[in-house]
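Thanks for coming. I will take a few minutes to go through one structure, and I will keep to what can be read from the coordinates.

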Amino acid sequence: MKIDILSIFPEMFKGVLESSILRKASEKGAVEYRVTDFREFASNKHKTVDDYPYGGGAGMVLKAQPIFDAVESLTAANQAIKPRVILMCPQGERFTQKKAEELAQEEHLVFICGHYEGYDERIREYVVTDEISIGDYVLTGGELASMVIVDSVVRLLPDVLGKVESHEQDSFSTGLLEHPHYTRPAEFRGMKVPDVLLSGNHANIEKWRSKEMLRRTWNRRPDLLENFSLTKEQQQWLEELKKEDKRY
Ligand code: ADE
């Protein structure tokens with residue numbers, strides 16, 4: 001996968017792309033990152049990339065020309081591959097694990113990160129394929145949001161995570177939140193690990209985990225259960241959980 005990031009603050013990406021799993025992924029050749037300062041594409045002598053809004057009002061608007069030219073320069077070398085061009089903005093569709101899985105299938109992603117009151121609407125209409133928000137809050141720019149997306153997509157690429165870190169059991173991948181985890185010692189300051197986990201009985205352990213996943217999801221994110229098809233056994237557990245719960 002090729003990942004292009006367009007930003008006027010390219011230095012923000014160094015620490016993130018050059019650490020941990022994101023770094024390992026590029027060392028293994030699973031992904032190639034390129035961060036481009038789109039100010040280089042500004043056509044005026046002061047290299048400005050924003051301008052006042054037509055019709056007046058507060059704030060500046062990111063100009064169309066530097067973004068059109070920058071995106072065209074990134075795709076010029078290989079016209080055959082049509083990249084997903086992702087505009088980071090709070091008005092976009094809310095980012096989810098499902099969207100990360102969809103983007104992980106692509107060969108080329110381009111992220112546009114702006115720092116302005118708005119983007120010239122022609123960028124949205126003619127260049128962008130997706131508009132994504134990472135949540136209902138406003139950041140100072142799209143950089144941090146794009147890093148969140150890059151991180152969640154790259155870890156899904158084949159061979160990026162080893163077996164130990166595998167993503168198949170992630171919360172949201174299975175549709176339920178993860179069960180609690182424990183590691184040694186079996187007793188810490190009087191707090192004990194549940195007996196079943198020490199029992200060596202794998203069938204019982206699986207059952208406990210499955211039940212705890214349901215409990216956690218019910219307690220923290222009951223909305224996730226609306227789109228989840230429960231087994232007969234899980235339905236029964238859910239009824240028990242509801243009986244314990246004062247809300248019902
Ligand atoms: N830019 C500013 N706020 C944002 C958000 N919540 N998500 C994505 N891009 C943004």
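Let me start with β1. Of the 5 residues in this strand, 4 are buried, so β1 is largely enclosed by the rest of the structure. I should say at once that this is a predicted model.

What does β1 pair with? There is β2, residues 32-36, which pairs with β1 in the parallel sense over 5 bridges. One of the residue pairs here is I5 with its bridge partner V35 in β2. Then there is β6, which runs parallel to β1 and is joined to it by 5 bridges. On that side, K2 stands opposite H108 in β6. As a general point, side chains in a regular strand alternate between the two faces of the sheet.

Now stay with β1 and look at I3. Leaving aside neighbours within four places in sequence, I3 is in contact with V31, E32, Y33, R34, L109, F111, V150 and V154. Several names in that list come back when we turn to the core. The largest nonpolar core has 31 residues, and those with the most contacts inside it are I3, Y33, F111, V150 and V154. Which elements supply at least two residues of this core? They are β1 (2-6), α2 (20-27), β5 (84-94), α4 (97-103), β6 (108-112) and α6 (143-154). The largest share comes from α6, with 6 residues. Apart from this core lies another one, of 20 residues, including A42, L74, I112 and Y119.

While α4 is on the slide, a word on K99, which is placed in that helix. Is K99 buried or exposed? At 6% relative accessibility, K99 counts as buried, because the cut-off for buried is under 20%. Not counting residues up to four places away in sequence, K99 touches R84, E93, D130 and I132.

I132 takes us to the ligand. The residues around the ligand are M88, C89, P90, I132, S133, I134, G135, Y137, V138, L139, G141 and A145. There are three backbone distances to go through here. For C89, a backbone N or O atom lies 3.2 Å from a nitrogen atom of the ligand. For G135, a polar backbone atom is 3.2 Å from a nitrogen atom of the ligand. For Y137, the distance from a polar backbone atom to a nitrogen atom of the ligand is 2.8 Å.

Next, a separate piece of sheet. This one is an open sheet of 3 strands in the order β3-β4-β7, and the pairing is mixed. Its edge strands are β3 (50-51) and β7 (118-119), each of which pairs on one side only. Between β3 and β4, residues 61-62, there are 2 bridges, and these two strands run antiparallel. In that pairing, D50 has L62 of β4 as its bridge partner.

The loop between β3 and β4 holds Y52. Y52 has 66% relative accessibility and therefore counts as exposed, the cut-off being over 50%.

So much for the strands; now the chain as a whole. The protein chain is divided into domain 1 (2-154) and domain 2 (173-244). How far apart are the centres of domain 1 and domain 2? Taken over C-alpha atoms, those centres are separated by 39 Å.

I have two residues to show from the later part of the chain. The first is H179, in the loop between α6 and β9 (187-188). H179 counts as buried because its relative accessibility is 11%. Leaving aside neighbours within four places in sequence, H179 is in contact with R209, E212 and M213.

The second is N204, which sits in helix α8, residues 202-220. N204 has 40% relative accessibility, so it counts as partly exposed. Two C-alpha distances help to place N204. From N204 to K242 there are 38 residues in sequence and 22 Å in space. From Y52 to N204 there are 152 residues in sequence and 65 Å in space.

To go back over the main points: β1 is largely enclosed, with 4 of its 5 residues buried. It pairs in parallel with β2 and runs parallel to β6 as well. I3 is among the residues with the most contacts inside the largest nonpolar core. That is all I have; questions are welcome.

Conventions:
Residues numbered from 1 in each chain as written. Predicted model: local features only at pLDDT ≥ 70, side-chain atom pairs only at ≥ 80, totals over all residues. Heavy atoms only, no water. Core = buried A, V, L, I, M, F, W, Y, C linked by side-chain atoms within 4.5 Å. Buried < 20%, exposed > 50% of the residue type's maximum accessible area, 1.4 Å probe, protein only. Contact = heavy atoms within 4.5 Å. Pairing = 2+ DSSP bridges. Domains from an automatic or database assignment. Near = heavy atom within 4 Å. Polar contact = N/O pair within 3.5 Å; in protein donor to acceptor, adjacent residues only side chain to side chain.
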